[in-house]
Amino acid sequence: MNRFLKTLLAASLAAVSFGSAAQGAFPERQVSLVVPFAAGGPTDVVARMIAIPMGKHLGQTVVVENAVGAGGTIAATKVARAQPNGYTIFLHHMGMSTAPALYKKLQFDPLKDFEYIGQVVDVPMTLLARKDFPANTFQELQAHLKREGNKVSLANAGLGAVSHLCGLLFMSAMGVELTTVPFSGTGPAMNALLGSQVDLLCDQTTQTVPLIKDQRVKVYGVTVPKRLDVLPNVPTLDEQGLKGFEVKVWHGMYAPKGTPQPVIEKLNAALRVAMQDPEVKKRLTDLSSDIVPMDKITPAGLRTHLEAEIAKWGPVIRKAGVYAD
């Protein structure tokens, strides 16, 4: 072997060794977990629950960063364009599956611009009203909405947010048109409901269960087919006449496309540890959220679910002719 080949081989081996060491050292600094909604909202609550045990497993702090706006697409675009090194990751709900149909011009592709870390948790929703709203039961609510129509305001966390989609489905099921009021996140929308500035809101149990138990809001039903153990006296909307009405919010964790596989594996391992953390499990159970099975807390599990949800929601949204841009 001549001197040139020896030098080339040595350089190649050094590069491989350096790359392996770099991957093995991950993470060497804090990791940013981007959340596309405001602090205090339900997705933010989930993120902050899992950030601490993930950080402990990784040996570095996982910092939650709120990047609000455009139904989560601003944050998704930011992460899609971030350096694919594992230091910027993303927690989003079912909005990743509805964005392709909701937005005519989308600056990212959920199926092409991300690596998948794993599914996280499924969260039911509840239909709420301000505490002083005149209707006390779902039957009274139905009559009130038929009578008052667009005089009633329905808040949401912004165009394309889950609360927006839930509201659209609810209005369609009820056959009414209400005045929708978008906010820059579920936190602000809930504050408006608590302040009696709006009438109704469809929101996730991660935020609503404590408020319902403290009787700070009125609740008319849950959006899943079975009553929740944590709210046993609250009937489902399905059992009260809205047959087949179901909205369950699923969450997934992503990284920019091109993030090295060893880094994805470390992030997935940290996520799996977090989802088995006793405190996380207790808090999520108390909020009636369902940790998904371990075979779904995987890159393949998330990708398969995302593909199925895009296929499910696309035709529904396009038929409704609703666009967020």
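These are my notes on pockets, a cavity, one asparagine and some rings in this structure.

**Ground rules**

I am reading a predicted model, so I take local features only at pLDDT of at least 70 and side-chain atom pairs only at pLDDT 80 or more, while totals for chains, interfaces and linings use all residues. Residues are numbered from 1 along each chain as its sequence is written, and side-chain values use heavy atoms, with hydrogens and water left out.

**Pockets**

I looked up the open spaces first. On a 1 Å grid over the protein atoms alone, a pocket is an open set of points with protein on both sides within 12 Å along at least five of seven lines; a cavity is a set where a 1.4 Å probe fits but cannot get out; lining residues have an atom within 4 Å of a point. Grid points are joined across faces, edges and corners, and a volume is the space filled by probe spheres set on the points.

The largest pocket has a volume of about 400 Å³. I find 20 residues in its lining, with Leu165, Leu168, Leu169, Ser172 and Val316 nearest the centre. Two elements, α6 (162-174) and α11 (299-320), give two or more residues each to this lining. Helices (H or I, at least four residues) and strands (E, at least two) are DSSP runs, numbered from the N terminus. The top contributor is α6, with six residues. I sorted the lining by class: 14 nonpolar, two polar and four charged. Here Ala, Val, Leu, Ile, Met, Phe, Trp, Tyr, Cys and Pro count as nonpolar, Asp, Glu, Lys and Arg as charged, and the others, Gly among them, as polar.

The second largest pocket comes to about 270 Å³. Its lining holds 15 residues, and Arg227, Leu228, Asp229, Ser288 and Asp290 lie nearest the centre. I see at least two residues each from α10 (278-286) and β10 (290-291). This lining has six nonpolar, three polar and six charged residues.

**Cavity**

My search of the whole structure gave one cavity of 30 Å³ or more. The largest cavity has a volume of about 70 Å³. It is lined by 13 residues, and Pro42, His93, Ala157, Thr186 and Gln204 are nearest its centre. Two or more residues each come from α2 (42-58), α6 and β7 (200-204). The largest share is three residues, from β7.

**Asparagine 156**

I found asparagine 156 in strand β5 (residues 153-156). Is asparagine 156 buried or exposed? It counts as buried because its relative accessibility is 3%, where buried means under 20% relative accessible area, exposed over 50%, and partly exposed in between (1.4 Å probe, protein chains only). Among the residues it touches are His164, Thr180, Phe183 and Leu201; contact means heavy atoms within 4.5 Å.

**Rings**

I counted six aromatic pairs. Rings of Phe, Tyr and Trp (its six-membered ring) pair if their centres lie within 6.5 Å; planes under 30 degrees apart are stacked, over 60 edge-to-face, the rest tilted. Phenylalanine 90 and phenylalanine 114 are stacked, 6.3 Å centre to centre with 20° between the planes. They sit 24 residues apart, in strands β3 (residues 88-92) and β4 (residues 114-130) respectively. Both are buried. Phenylalanine 108 meets phenylalanine 114 edge-to-face, at 6.0 Å and 85°. I noted the cluster that ring pairs make of Phe90, Phe108, Phe114, Tyr116 and Tyr254.

Conventions
Lists of a residue's contacts leave out its neighbours within four places in sequence.
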